[in-house]
Amino acid sequence: MAFTTDLIRNVALAGHGGTGKTSLLEHLLFTGGAISKPETVDSGKTVSDYMEDEIARKISLHAAFCHMEWRGKNINFIDTPGSSDFVGDVILAFRSCETALLLVDGKSGVQIETIKLWRELEKREKPRCIFISKLDEERADFDATLADIKEKFKMSAVPVTLPMGGGSSFKGVIDVVNGKAYPLPSSGEQKEAASEIPAEFASAFQEARARLSEAAAEGDDELMEKYLEAGELSQEDIVKGLSEALAANRILPAFAGAGLRNSGCAALLDFLAEIAPSPMALKPEVVKNSKGEEMEFGVDPSKPTTALVIRTQIDQFSGRLSFFKVFSGKLTPDTELFNVRENKKEKIGKLYRAQGKKLEEVPELCAGDIGLTSKVAGLKTNDTLTLHEEQFAFAPLRLPQPVHALAISAVNKKEEDKMSELLYKAAEEDLTFQVRFDSETKETVISGMGELQINMILEKIKTGAKIAVETRTPRVAYRETITKKAHAEYTHKKQTGGHGQYARVVFDIEPLERGKQYEFENKIFGGAVSKGFIPGIEKGIHQAMEAGVVAGYPVVDVKTMIVDGKEHPVDSSEMAFKIAARGAFRECMRQAGPVLLEPIMNLTVFVEEKYLGDIMSDLSGRRGRISGQQPVGGGIVEVKAQAPQAELLRYSIDLRAMTSGTGSFEVEFSHYSPISGKIAEDVIKAAQAFRIQEEEEE
Ligand SMILES: Nc1nc2c(ncn2[C@@H]2O[C@H](COP(=O)(O)OP(=O)(O)OP(=O)(O)O)[C@@H](O)[C@H]2O)c(=O)[nH]1
Ligand SMILES: [Mg+2]
C-alpha cells in the first residue's frame with residue numbers, strides 16, 4: 001500500500017555505542033507486527049544488524065533501514081552505529097529523518113558520543129526525543145538520567161512515559177499522554193498490553209501529566225489560556241500542542257523503557273505515529289540551480305518528482321543498492337529520472353522498502369518516503385534526481401574530514417588493481433572513507449574516521465577478497481622553497497658532429513609570497529632569445545620545480561625571470577632550452593637559501609575537561625601551538641591549535657588512548673611552514689633512503 005506524505009514518519013535511532021538502539025528497534029518492529037519474533041543482537045539475527053561484520057562483532061557498523069505500520073502510519077526507521085568511526089551514517093540518517101530518537105543508557109547517563117550527536121542535531125535544528133534505555137538493569141535510574149540530560153544539554157526533558165520502578169523491580173511504563181500503564185511483559189517475546197495505572201503510581205502520573213500539559217501549552221497562546229483556566233488540557237489539545245512544539249524543536253520529550261524486555265515500545269510508537277512531525281515539517285533543504293542561485297526546497301507532494309540519493313550499498317548478492325528520499329511528487333517503478341550530476345536520464349526500475357537486508361517491492365513512494373532501487377549503475381550518494389531536466393541540486397551531505405590516514409599497497413603488485421577497486425567501492429558506501437593516489441609520494445592513501453572503520457574495510461579486502469595488503473604511515477607531502485634572491489646562468493651545449501644542441505639562459509629568481517606557487521617573467525630586451533623558445537624554457541622550469549635541490553620535494557613560491565641568454569641559428573631547439581632552463585633553475589635554487597616546508601594543520605580537539613591538561617601538554621610535545629579553548633557544553637572543551645602534519649599521523653589513535661576513547665578532533669590543512677635543524681635533517685635522510693629504495697625496486 002502506498003502511504004501519502006501525511007502518513008509517513010522518518011525516525012533515526014542514534015546514541016552512544018551499546019545503548020540499546022538495535023535491540024529497541026527489533027522490539028518496535030515486533031510490536032508493530034513487521035516481524036513475528038524479536039531476535040537478540042547476540043544471536044546475530046536482528047533485522048538491522050544483518051551484515052557479516054556486524055554479526056561477527058555484535059555491534060552496528062552501518063545505517064540500516066527498516067519500516068513498519070502503526071495506527072495507519074508508515075514509520076521508517078534508520079538504525080545507526082554508536083561508534084564514532086561511523087558518524088557518516090549517523091549524519092545521513094539525521095538529514096533524512098524528521099525526528100531523531102536519542103538513546104541514553106539509564107545506568108551510564110549521557111555519554112560522549114551522545115553529546116557529539118547532540119551538537120550535530122543542534123546544527124540542523126532537528127526535532128529530537130530521548131529514550132532512556134535498559135531501565136531493567138540494576139542501578140538504572142530514570143530521574144537521575146533526566147537530571148544528567150538537563151545538566152549536559154541545558155534543556156529539560158519532559159517525560160512522555162514514566163517507568164514503574166527500576167532495576168530488578170522494574171515493572172513496565174506508564175503512558176502519560178494516553179493515561180495507561182503497560183506492565184512489563186513476561187518476556188521480551190511477549191507484546192505489551194495496556195492496563196489501568198496502578199494506585200502506587202497515580203500521583204507520579206498526575207504530576208507528569210500536569211508537566212506534559214504545561215509543555216504542550218507553552219508557545220501556543222490559545223492552549224495556554226485553556227490550560228490556565230481549566231488547570232489541565234484535553235487529550236486532543238495535548239496531542240496538538242506537543243506536535244507543534246516538537247516540530248518547532250521547542251520541547252525534548254523523554255521516554256522510559258527496556259527494549260530487550262519489550263517495554264516502552266507501544267507508547268513510543270503511539271507518540272511517533274500521532275505526535276511526531278510528518279515529512280512536511282522538515283526544515284527545507286537549500287538547493288542550488290544551474291545559475292548558482294540558492295533556494296529552499298522542502299518536502300512537497302504537489303511538485304514534480306524529486307529525489308535525493310542518501311546512501312549507496314554495494315551488495316555481493318543484490319549488486320548496487322541506492323537508497324533515496326523522495327522530496328516531492330511521487331515515484332513509481334520504471335520511471336525515467338534525470339540525474340543532475342551526470343546530466344542524463346536514468347531509468348529507475350523496481351522500487352523497494354528495506355526491512356534490514358530484506359527488500360520489499362512497493363508500487364509507489366510518495367514525497368517524504370524513503371525507499372531504494374537496485375542495479376542503477378549511474379547513481380551515487382548525494383545525486384539529485386528530477387522528473388524533467390530541471391537543473392538544481394541538493395547540497396552534498398556535509399561530513400567531517402577524515403582524521404586517520406594510512407598508505408596501502410598490495411603485497412603482490414598484480415593485485416593492486418583489484419585492491420583499488422575494492423577500496424573505491426568502500427569509499428562509495430561510506431563517504432567519510434576516502435581513497436586517493438598521491439602522485440607526489442607515489443602512494444595510495446586511504447583515510448577515514450578511525451582505526452575501527454579502516455580495519456573493517458581492510459578486513460573485507462584481506463579475508464573477503466583474499467588479497468594480502470601492507471599498510472604504513474603515509475609520507476608527508478613536504479615542499480621546498482627559497483629564502484633569498486639569486487642569479488645564475490647555464491649553457492647546454494652538445495656540438496660534436498652532425499646536428500648539435502645549443503641553448504644558454506641567465507635567470508634571476510626570488511621568493512614569492514607563501515601560496516603563490518609559481519611566476520615567470522620574460523625580461524629579455526633585444527631578442528637574445530627568440531619568443532618561440534620561451535614555452536620550452538617554462539617547461540624546463542616546471543620540470544626543475546617538480547623536485548627541488550634539498551630533498552627532491554616539489555618547489556613552490558618562486559618567481560623566475562629570464563634576463564639574458566643566447567641561441568644558435570641551427571643548433572637551438574625547444575628541447576635544448578628546456579634542458580638549459582632546468583640547469584639554470586637548479587643552480588639558482590642552490591644559491592637562494594633553499595629550505596624545506598612542512599604542512600601545518602588546523603586542529604580542533606574536543607575533550608572532557610578532566611583531560612584538558614594532558615591534551616595541552618601532549619600538543620606542545622607535537623610542536624603544536626594552542627590558539628584558544630572554550631567549553632562547548634556537556635563538560636566538553638574545544639581546543640583550537642595548529643600543529644605540523646608530521647606530528648599528527650597517529651593522533652587519532654593517541655588521542656583516543658589518552659582520553660579512554662572519548663576525545664575526538666577535526667583537522668584541515670592550513671599552510672606550509674619552513675623547517676630547519678634536526679627536523680629538516682631527518683626529513684632529508686628519510687627522502688634519500690626512500691629514493692635509494694625506489695631505485696632498487698626499479
Ligand atoms: N538489560 C538490558 N540489556 C539490553 C537492553 N537493550 C539492549 N541490551 C543489551 O545491550 C547490548 C547492546 O545492545 P544493542 O541493541 O546492540 O545496542 P546498540 O545501541 O544498537 O549498539 P551499537 O549499535 O553497537 O551502538 C546487547 O548486549 C543487548 O542485549 C535492555 O533493554 N535491557
Ligand atoms: Mg546497534
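Reader: Which residues come nearest to ligand 1?
Author: Keep in mind that this is a predicted model. There are 17 residues around ligand 1. Of these, the ones that come nearest are K21, T22, S23, S60 and D136.

Reader: How far is a polar side-chain atom of S23 from an oxygen atom of ligand 1?
Author: Let's go through a few polar contacts. The backbone of G20 has a polar atom 2.9 Å from an oxygen of ligand 1, and in the side chain of K134 an N or O atom sits 3.0 Å from a ligand oxygen. For the polar side-chain atom of S23, the distance to an oxygen atom of ligand 1 is 2.6 Å.

Reader: And how much of ligand 1 does the protein bury?
Author: Picture ligand 1 on its own to begin with: it would expose 650 Å². Put the protein back, and the share of that area it buries is 86%.

Reader: By class, what is the shell around ligand 1 made of?
Author: Sort the shell residues by class and you get three groups. Four are nonpolar and four are charged. The remaining group is polar, and it has nine residues.

Reader: Which protein atoms are the donors of the magnesium ion?
Author: The magnesium ion is ligand 2, and its protein donors lie 2.0 Å from it. Both residues involved are buried. The donors are T22 (OG1) and S60 (OG).

Reader: How many residues apart in sequence are the parts that T22 and S60 tie together?
Author: T22 and S60 are the protein donors of the magnesium ion. T22 belongs to helix α1 (residues 21–31), while S60 is in the loop between α2 (52–57) and β2 (64–70). That's why the pair ties together parts whose separation in sequence is 38 residues.

Reader: What is phi of K58 near, and where is K58 found?
Author: Most residues other than glycine have a negative phi. K58 is not a glycine, yet its phi is positive, near 60 degrees. K58 counts as partly exposed, at 40% relative accessibility, and it is found in the loop between α2 and β2.

Reader: Where does Q517 lie?
Author: Q517 has a positive phi too, near 70 degrees, and it isn't a glycine either. Its relative accessible area is 43%, so it counts as partly exposed. Q517 lies in the loop between β30 (501–511) and β31 (518–522).

Reader: Is H62 buried or exposed?
Author: H62 is found in the loop between α2 and β2. Its C-alpha atom is 12 Å from that of A14, 48 residues apart along the chain. The cut-off for buried is under 20% relative accessible area. H62 has 13%, so it is buried.

Reader: How many disulfides are there?
Author: A disulfide needs two cysteine sulfur atoms within 2.5 Å. By this rule the count is zero.

Reader: Which cysteine sulfur is nearest to that of C97?
Author: C97 is buried, with a relative accessible area of 0%. It is in no disulfide, as the nearest cysteine sulfur is 10 Å away. That sulfur belongs to C129.

Reader: Why is the sulfur of C366 not in a bond with the closest cysteine sulfur?
Author: C366 is buried, with a relative accessible area of 8%. The closest cysteine sulfur to its own is in C97, and that is too far for a bond, because the distance is 20 Å.

Reader: How many residues of helix α9 are buried?
Author: Helix α9 covers residues 265–274 and is mostly covered. Among its buried residues are C265, L268, D270 and F271. Out of 10 residues, the number buried is nine.

Key. Residues are numbered from 1 along each chain as its sequence is written. Chains are lettered from A and ligands numbered from 1 in the order in which they are written. This is a predicted model: local features need pLDDT of at least 70, side-chain atom pairs count only at pLDDT 80 or more; totals for chains, interfaces and linings use all residues. Side-chain values use heavy atoms; hydrogens and water are left out. A residue is near a molecule or strand if one of its heavy atoms lies within 4 Å of it. A polar contact is a pair of N or O atoms within 3.5 Å; within protein, one must be able to donate a hydrogen and the other to accept it, and residues adjacent in sequence count only if both atoms are side-chain atoms. Accessible areas come from the Shrake-Rupley method with a 1.4 Å probe; for residues, only the protein chains shown count as cover. Ala, Val, Leu, Ile, Met, Phe, Trp, Tyr, Cys and Pro count as nonpolar, Asp, Glu, Lys and Arg as charged, and the others, Gly among them, as polar. Buried means under 20% relative accessible area, exposed over 50%, partly exposed in between (1.4 Å probe, protein chains only). Helices (H or I, at least four residues) and strands (E, at least two) are DSSP runs, numbered from the N terminus. Donors are N, O and S atoms within 2.8 Å of the metal (3.2 Å for Na, K and Ca); water is not among the atoms, so sites may look incomplete.
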